[in-house]
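Trainee: I'm new to this one. Could you walk me through how to read its features?

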Amino acid sequence: MPPAVADKVALAGFRRILGDDAVLVDRGATAPYLVDQRRLYEGKALAVLRPSTVEQVSQLLAFCHGTRIGVVPQGGNTGYCGGATPDDSGLQVVLSLGRMDRVRSIDPVNYSMVAEAGCILANLQQAALQVDRYFPLSLGSEGSCQIGGNLSTNAGGLNVVRYGMARDQLLGLEVVLADGRVLSTLGELRKDNTGYDLKSLFVGAEGTLGVISAASLKLAPRPRAQATAFVAVRNVAAAVDLLNLLRETSGDRVSSFELIPNIAIELTTRHIAGVVQPLAGEYAWCVLCELTSSRAADDLDAMLESALSDAMDGGLLEDAALAQNERQRAAFWRLRESIPAAQRLEGPSLKHDVALPIGALPRFVAQASEWIAAHFPQAVLVAYGHVGDGNLHFNVNARRGADPVAFVASADALRHHVHDLVNSLGGSISAEHGIGRLKVDELERYAPALELELMRSIKSALDPNGIMNPGKVLKAI
Ligand SMILES: Cc1cc2nc3c(=O)[nH]c(=O)nc-3n(C[C@H](O)[C@H](O)[C@H](O)COP(=O)(O)OP(=O)(O)OC[C@H]3O[C@@H](n4cnc5c(N)ncnc54)[C@H](O)[C@@H]3O)c2cc1C
């Protein structure tokens, strides 16, 4: 069939399943779906499809499986690795989950809820609070990312040190397989050892194995007491020591522990309205740490103050400010959450989302910073992140006045050096953002051959026609 006729047949098929309104082809309407949030990739699509039920997703995938049309699932389109953007062939479709946004049920007794893939993360946090429970997954993008995207990237974020990643919040999944069949493991059980854990395969698969249409999720007791501090630490090793001290002395109540360098404070206060300097002096490294408890009577301020005082006596700290009220706490967090936006406003940046064993962080930061200073004088290091999880966003910005083209051209050499070092220290080249399109070659470079072979076998078993998000995570088959 000539391509134009095939396109018409496909569009007629999509309209039959969804109705006209949910099949977008118009340039203006499709444009926001065709570019990734970092603007690294811009693609084309035969259509953007907006189903509102699992039955529609099932029919769409069965149709695409039969006609071998590539399907790119998309949630909130906030991912950092280009995983939700189609290629530039114009032959793929974007499957946007945004209309599937119902909380199907919520059970405070079982500490669980069942939510459709297109639910915005912040809305799920609110839904849990309404029944006096807590959904702990929390990211800077929570106002627009969706739970289906969170699970598909196995997102991490700000509370991992206490509650784990997206995978750890999961009880069950409903997934539409590449051929349209619906696999439902939507039970709300905490114990279920009946064979292989199939749902786990789809977490972190970035839409390459199927479409997540709904998930059953764990809830936690609602935090009723919290204490937050912004602390200047002597160096990265002192930050790690402080983390361990806080975990030991607080009865493991540390829920966030974020490393923030002085350059990030400088960028956020300069670029983002309303961000203020949290401490009087300037210090190379700071930490934003938070303790939480479900016991309202816990005096966490006293606990945190006492631990910080011990840390000060032990020479770990240079200064500390304890949030005195919610406004001050929000100001600390506003600074932390504004770092990506401030970095973007500063100009081109190269991002490395790496994880290391926590004890290896100081060595990694020292060696990598030294190498960057010696070999990339045009770069400024902006290394921050979820140190409580061993995760650093080891980013570099172009120094003001540097040639942006030459800076971006140095990306490969820089990336390889950073990733080689991470690899040699037993770390990961993707801590929480995934592989997407951005790191396909990096995965091939660093993953053991046997792991890649098994990943390819799983991909071809679940998606024999190679329609699910082709070219993401693994090279297209
Ligand atoms: C300001 C900001 C802060 C951020 N902070 C963090 C952070 O702290 N931690 C962190 O981990 N990430 C963070 N991110 C990255 C991003 O928000 C997460 O990766 C998020 O989980 C992506 O969700 P999404 O709905 O936007 O997914 P999308 O970007 O739409 O998609 C991401 C991937 O998942 C696939 N996908 C989406 N929905 C489905 C589905 N229903 N079924 C199958 N596949 C699907 C897509 O094909 C794509 O491969 C941040 C991003 C921004 C912009």
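## Reading the model, step by step

Mentor: Let's begin with Arg 39, which is exposed because 9 other C-beta atoms lie within 10 Å. Keep in mind that this is a predicted model.

Trainee: Where is Arg 39 in the chain?

Mentor: Look in the loop between helix H2 (27–30) and strand S2 (47–49).

Trainee: And what is notable about the phi of Arg 39?

Mentor: General idea to start with: most residues other than glycine have a negative phi. Arg 39 is not a glycine, yet its phi is positive, at about 60 degrees. Asp 252 is another non-glycine residue with a positive phi, about 55 degrees.

Trainee: Is Asp 252 buried or exposed?

Mentor: Exposed: Asp 252 has 12 C-beta neighbours inside 10 Å, and 12 or fewer is the cut-off for that label. You'll find Asp 252 in the loop between H8 and S13.

Trainee: How does Met 468 count, buried or exposed?

Mentor: The cut-off for buried is 20 or more neighbours. Met 468 has 27 C-beta neighbours inside 10 Å, so this residue counts as buried. Met 468 sits in the segment after helix H17 (449–462).

Trainee: Which residues does Met 468 touch, leaving out those up to four places away in sequence?

Mentor: Its contacts are Val 71, Ala 178, Gly 207, Thr 208, Leu 209, Gly 210 and Asp 463. For a distance to check in the viewer, try Leu 183: its C-alpha atom is 16 Å from that of Met 468, and the two are 285 residues apart along the chain.

Trainee: What about Gln 378, how does that one count?

Mentor: As partly exposed, because Gln 378 has 16 C-beta neighbours inside 10 Å. Its place is the loop between helix H13 (361–375) and S18. Leaving aside residues up to four places away in sequence, Gln 378 touches Ala 398, Arg 399, Ala 402, Ala 406 and Phe 407. With Phe 407, the C-alpha separation is 7.1 Å, for 29 residues along the chain.

Trainee: Now for a whole helix. Which residues of H9 are buried?

Mentor: Helix H9 covers residues 262–271, and Ala 264, Ile 265, Leu 267 and Thr 268 are buried there. Viewed down the H9 axis, these buried residues fall within an arc of 165 degrees, so they line one face of the helix.

Trainee: What do the buried residues of H9 pack against?

Mentor: Their partners are two strands, S13 (254–261) and S18 (379–384), and two helices, H11 (326–337) and H12 (339–346).

Trainee: How do I read a pair of helices, say H1 and H3?

Mentor: Check the angle and the axis distance. Helix H1 (residues 3–18) packs with helix H3 (residues 54–67) at about 165 degrees, and their axes are 9 Å apart. An angle over 145 degrees counts as roughly antiparallel, so that is how H1 runs relative to H3. The crossing is right-handed.

Trainee: Which residues meet there?

Mentor: From H1, Ala 10, Gly 13, Phe 14, Ile 17 and Leu 18; from H3, Gln 56, Gln 59, Leu 60, Phe 63 and Thr 67. By class, that gives 6 nonpolar, 4 polar and no charged residues.

Trainee: And H8 with H10?

Mentor: The axes of helix H8 (residues 236–249) and helix H10 (residues 300–313) come within 10 Å and cross at roughly 140 degrees. That makes H8 oblique to H10. Leu 242, Leu 245, Leu 246 and Thr 249 of H8 meet Ala 307, Asp 310 and Ala 311 of H10. This contact has 5 nonpolar, 1 polar and 1 charged residues.

Conventions:
Residues are numbered from 1 along each chain as its sequence is written. This is a predicted model: local features need pLDDT of at least 70, side-chain atom pairs count only at pLDDT 80 or more; totals for chains, interfaces and linings use all residues. Helices (H or I, at least four residues) and strands (E, at least two) are DSSP runs, numbered from the N terminus. The arc is that of the directions from the helix axis to the C-beta atoms. Two residues are in contact if their C-beta atoms, placed from the backbone, lie within 7 Å. Axes are lines fitted to C-alpha atoms, for helices over the stretch in contact, and angles run from 0 to 180 degrees between N-to-C directions. Angles under 35 degrees count as roughly parallel, over 145 as roughly antiparallel, 65 to 115 as roughly perpendicular and the rest as oblique. A crossing is left-handed if the near helix is turned anticlockwise from the far one by less than a right angle, and right-handed if clockwise. Ala, Val, Leu, Ile, Met, Phe, Trp, Tyr, Cys and Pro count as nonpolar, Asp, Glu, Lys and Arg as charged, and the others, Gly among them, as polar.
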